Amino acid sequence: SGQAAAGSLSYSPSGLRHPGCAFDTTAMTAEGLKKVRADFAAAALRARDGGADAVEIHGGHGYLLMQFLSPLINRRTDEYGGSPENRMRLFREVLSDVKKAVGPSFPVWFRFSASEGAAGGYGAKEGLSAAKQLLADGADGAEVSSGAPYAGGEHIPSVIGVSAGE
């Protein structure tokens, strides 16, 4: 959270210093985005071939896919930045590549922060729209929480409970 390992690079959508972090990041290139997609697909295939019953793509709590969703962190001006649809692009591509790798009968879920919980970040309305899009794109389920490590008190992921709707 506070520092990157000595000599390592930390990647992000735009190469900005993240909220609550004491280190700079390097902006993802087109080649880097292709590698991220391929790595998610390869990991899911290894899990399936290793006997897992399903996989979950982690797109919440301030990790890379959520960073692309975040208007606070994602300041790109290409097809991966700007509008909510563009900021969803990498997440949708990862889901598509994972589904292609593991086949249609293998369940793929996503983990998602429905609201970023930080000033300038996305809120519940945009989060709900994004989750519905991923389900329409073929995700088999969703684990929904809220927030990121840099979010305000009630939105820090470790204190969020998930309700069964009762």
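Start by selecting helix H3 (84-102) and helix H4 (124-136): each of them supplies at least two residues to the lining of the second largest pocket. Keep in mind while you click around that this is a predicted model.

Now show the side chains around that pocket. On the list are Leu69, Pro84, Glu85, Met88, Arg92, Lys125, Glu126, Ser129, Ala130 and Gln133. Which helix gives the most to this lining? Colour H4, since that is the one, with 5 residues. Switch to colouring by class and you should find 4 nonpolar, 2 polar and 4 charged residues in the lining. If you draw the pocket as a volume, expect about 180 Å³ of space.

Next stop: His61. Pick it in the loop between strand E3 (55-59) and helix H2 (64-69). What is the sign of phi at His61? Positive, at about 55°, although His61 is not a glycine. That is worth a pause, because most residues other than glycine have a negative phi. Is His61 buried or exposed? Turn on the surface: His61 has a relative accessible area of 11%, and that is under the 20% cut-off, so His61 counts as buried.

Last stop: Gly147. Go to the segment after strand E5 (141-145) and you'll find Gly147 there. With a relative accessible area of 0%, Gly147 is buried. To finish, select Phe112 as well and draw a distance between the two C-alpha atoms. Gly147 and Phe112 are 35 residues apart along the chain, and their C-alpha atoms are separated by 9.2 Å.

Conventions. Residues are numbered from 1 along each chain as its sequence is written. This is a predicted model: local features need pLDDT of at least 70, side-chain atom pairs count only at pLDDT 80 or more; totals for chains, interfaces and linings use all residues. Side-chain values use heavy atoms; hydrogens and water are left out. On a 1 Å grid over the protein atoms alone, a cavity is a set of points where a 1.4 Å probe fits but cannot get out, and a pocket is an open set with protein on both sides within 12 Å along at least five of seven lines; lining residues have an atom within 4 Å of a point. Grid points are joined across faces, edges and corners, and a volume is the space filled by probe spheres set on the points. Helices (H or I, at least four residues) and strands (E, at least two) are DSSP runs, numbered from the N terminus. Ala, Val, Leu, Ile, Met, Phe, Trp, Tyr, Cys and Pro count as nonpolar, Asp, Glu, Lys and Arg as charged, and the others, Gly among them, as polar. Buried means under 20% relative accessible area, exposed over 50%, partly exposed in between (1.4 Å probe, protein chains only).
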